[in-house]
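Student: Could you take me through one part of this structure closely, namely the aromatic contacts, and explain how they are classified?

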Amino acid sequence: MMRKIVREYVEENPGSPVECLLTILQGNVGFVFTNEDLGEVRKILEENVRPAPAKVGAFAPSDVVVPKGPTGCDPGQTAFFQTLQIGTKIARGQIEIVNDITLLQTGDKVGASQAALLQKLGIEPFTYGLQLKQVYDNGSLFDAKVLDITDDVLAAKFSDALSALAGLSLAIGYPTQASVPHSIANAFKAVLSVTIGLDNYSFDKADTYKEYLADPSKFAGSGGGGGGGGDGEAAAEEEEEEEEEEADIGGGVDMFGGGDGDGGDY
């Protein structure tokens, strides 16, 4: 019906941008009309799925594993499991599967016995829902994969392209907005290296580097509070050692009867 409506509309309005929709109106398809963010719409569509039983003749979209454990089937149905070559045992009056069984693999065709077993066990291994295939916008069709392109992906791609452009511009000596910052940095390094080798010339930005090369110890404490903390600890250790020495002297006086701590008698 949708294909008929679109085709008749295109016949009445030649050159209409919706004509490209005729190529995708095949099979069980539907339209979702929205003005919202397409990424969020796709997320909602993918989240709203329903379990579906395995039908005879259908192809498995994913692996189907029958878990081990009790099945709820009475012992009289053991032959059914033996036909499917599934190891079982009788426990507490019911059939119990010994090990996990991969009943179907992706792409396998569902047989009658397999469908009957899954139905008997109450397993609905498949799901059904809407799967986004194409995006239509202003007369153009895009594959749904374009929605995987996020802002982070675009930023990363732009950064890679900018780096490649800057490298190419620097290699051929052609200045561009991408290469100018690198050219300026390289020029500064060249001027700085020359200035450091001169004794009678310098400029503001080079003074710091010259001072560092002349006396690196002046910048030893610039790494943060770690160095200061070390000095504080060293000073504290020295004070503790001095106090211990004084305490030892006082103890010696007491041993010779100087209870008042006066060292004159000693």
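Tutor: What follows looks at the aromatic rings first and then turns briefly to a helix. Please keep in mind throughout that this is a predicted model.

A search of the whole structure finds four aromatic pairs. In one of them, the ring centres of Phe 188 and Phe 203 are 6.5 Å apart and the ring planes stand at 75 degrees, and because planes over 60 degrees apart count as edge-to-face, that is how this pair is classed. Phe 188 belongs to helix H6, which spans residues 180-196, whereas Phe 203 is found in the loop between H6 and helix H7 (204-214), so the pair ties together parts that lie 15 residues apart in sequence. As for accessibility, Phe 188 is partly exposed, with a relative accessible area of 30%, and Phe 203 is likewise partly exposed, with a value of 22%; the latter counts as partly exposed because buried means under 20%. Together with Tyr 209, Phe 188 and Phe 203 form one aromatic cluster.

Another ring, that of Phe 80, has the charged end of Lys 120 sitting over it, at 5.3 Å from the ring centre.

Turning to helix H2, which covers residues 38-47, one finds that Val 41, Arg 42 and Leu 45 are buried. These residues cover an arc of only 100 degrees around the axis, which means that they lie on the same side of H2. At the start of H2, a side-chain oxygen of Asp 37 comes to within 3.2 Å of the backbone nitrogen of Gly 39.

Notes: Residues are numbered from 1 along each chain as its sequence is written. This is a predicted model: local features need pLDDT of at least 70, side-chain atom pairs count only at pLDDT 80 or more; totals for chains, interfaces and linings use all residues. Side-chain values use heavy atoms; hydrogens and water are left out. Buried means under 20% relative accessible area, exposed over 50%, partly exposed in between (1.4 Å probe, protein chains only). Helices (H or I, at least four residues) and strands (E, at least two) are DSSP runs, numbered from the N terminus. The arc is that of the directions from the helix axis to the C-beta atoms. A polar contact is a pair of N or O atoms within 3.5 Å; within protein, one must be able to donate a hydrogen and the other to accept it, and residues adjacent in sequence count only if both atoms are side-chain atoms. Rings of Phe, Tyr and Trp (its six-membered ring) pair if their centres lie within 6.5 Å; planes under 30 degrees apart count as stacked, over 60 as edge-to-face and the rest as tilted. A charge sits over a ring if NZ of Lys or CZ of Arg is within 6 Å of the ring centre and within 35 degrees of the ring normal.
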